[in-house]
Amino acid sequence: MEGPTGVVFPVTGGKRSTTALGRAVVADALRAVDPVGARSAEHETDWRHGYLGHFRRLVEAGLLSADAALTIARAGLASLHGRMTVIDDDGREAGLGEVFSASGDQPALGTATVTGAGPVKRELSLPYRGQRLRGDDLRRRLDAWVTAGVVEPSCAEAVATVIANPDWLDLRDQRIVVLGAGAEMGPLTSVLRWGGEVVAIDLPRPEIWRRLVQTARRHGGRLHLPLRPGSAADGDDRTLAAQAGADLLHRLPQVAQWLRQFDGRLVLGNYVYADGATNVRVAVAVDALTRHLQEHRPDTALAFLATPTDVFAVPADAVSHADQGYAKRGNTHRALRMLSAGRLLRRSYPPGADPGVNDSLVAQQGPNYALAKRLQRWRATVAREAGATVTFTVAPPTRTRSVLRNRALAAAYAGAHRFGIEVFDPATSNTLMAALLVHNLRTGGPAFAQPWQDEAYAAAHGGLWRVPYAPRSALGLAVLLGLGGART
């Protein structure tokens, strides 16, 4: 059986172990700030289930100071870049840092541009439950979400500012690079609707590119797509789709060279996702590309979407909202708490915590998913401190295909409304996140004293930060309540 190629895990104990890498990277990230936590991670014997506490500790240790958070982020990134390797097509293995210099003989990618013939929209509108909200209707929806604790007030304020500045939607002065262009959560459709330019990267799978090209034709923007070396750029749509795409795991130098040819500031948007261990590999590949582009194009802006099912420090206002809900809990909830010996329906935060620590990690998503998403947070923290424009937003729980493939998560999402959590449809989520992307690009993004405050700004967490109960203590009940209504 042939071994892997491209960006790969290092060999540890004779095999390429995702567990060994995860333990080592978390320990390296913690070592200077929390040496006890580092040792605990290194000696964790059940990483598949025990990772939850260690990823929480990464956040808690970073609350000591801004320097502590930056130290953790830099150490985590250095550990990943120092440990991951690259295997070329001939089986030669080298360090990740050599990927752009060792593969300079790869043929260049071609470029095709699809110019849409559809109308250009200059008004922010949001698809929501069969309607298209705009103007005052959209403002009322934002206010309702704030009242229900579904989004942070800063999220509603940011979107309201975009509504009031429709000219901001004209993104022709930007080059929005969408890595993972076919992702349900990406901004591609919105940017094209607003007449902007999208530079798209995704796998060479014709079904992805047929859909993207069709989307571009419907709207008023322009879509730039990479073509297999030697392909003609003037073919019909079916031919373009068959020739389009680039694999980030295996063709990093080609992708970097291709992106560097575009004029104007690049906004490098990271929307990639893969199942299992491949998610870490592609996340590291994207981060290597990010670092490379920042070195050659220092004005490059970065865009990330954070998962709400992670650990975040949250402001005192969110803690107070959750505390008020806990005080109003009914007798049934009290009984369940007692009968479960305190395991079910635990309160979200200690009273008065400032900041609180919201732990919405879901064990079923696994340590590879957690590491891939944490890598993005570390890069955002380090890049922002270095002066780059960074747009980092916590996205709401969303009924994406990847989530609904997991039966437990699908059931939990179906039952989540019983606990005050709103799960969004993909079209609502990706449009809302695109509006926040616009806001951050036009304003330069947040600049708070502490990295955790930057992460919390404009979060659209679906209610996970403000519900009365610690999310995992309600997860099992949500699954039971949602089993009959889970979408499949």
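The accessible surface of the chain amounts to about 20,000 Å², and carbon and sulfur atoms account for 50% of that area. These values were computed from a predicted model. Buried residues, those under 20% relative accessible area, constitute 57% of the 488 residues in the chain.

The overall dimensions were examined next. The C-alpha trace spans about 70 × 60 × 45 Å along its principal axes. A radius of gyration near 23 Å would be expected for a compact globule of 488 residues, and the 22 Å found for the chain agrees with this. The chain contains 20 helices and 16 strands. Of the contacts between residues at least 6 apart in sequence, 79% join residues at least 24 apart. As for charge, the chain carries 57 positive and 46 negative charges, and the mean positions of the two sets lie 6 Å apart.

Helix 18 was considered individually. This helix covers residues 426-443, and its 18 residues should span 26 Å at 1.5 Å a residue; the end C-alpha atoms are 26 Å apart, in agreement with that expectation. Of the 18 residues of helix 18, 15 are buried, and the helix is therefore largely enclosed by the rest of the structure. Gly444 follows helix 18 and has a positive phi, near 90°.

Notes: Residues numbered from 1 in each chain as written. Predicted model: local features only at pLDDT ≥ 70, side-chain atom pairs only at ≥ 80, totals over all residues. Heavy atoms only, no water. Helix = DSSP H or I, 4+ residues; strand = E, 2+ residues; numbered from the N terminus. Rg over C-alpha atoms; globule rule 2.2 N^0.38 Å. Buried < 20%, exposed > 50% of the residue type's maximum accessible area, 1.4 Å probe, protein only. Contact = heavy atoms within 4.5 Å. Areas by Shrake-Rupley, 256 points an atom, 1.4 Å probe, with all protein chains shown as cover. Lys, Arg positive; Asp, Glu negative; His and termini not counted. Charge placed at Lys NZ, Arg CZ, Asp CG, Glu CD. Expected span 1.5 Å × (residues − 1).
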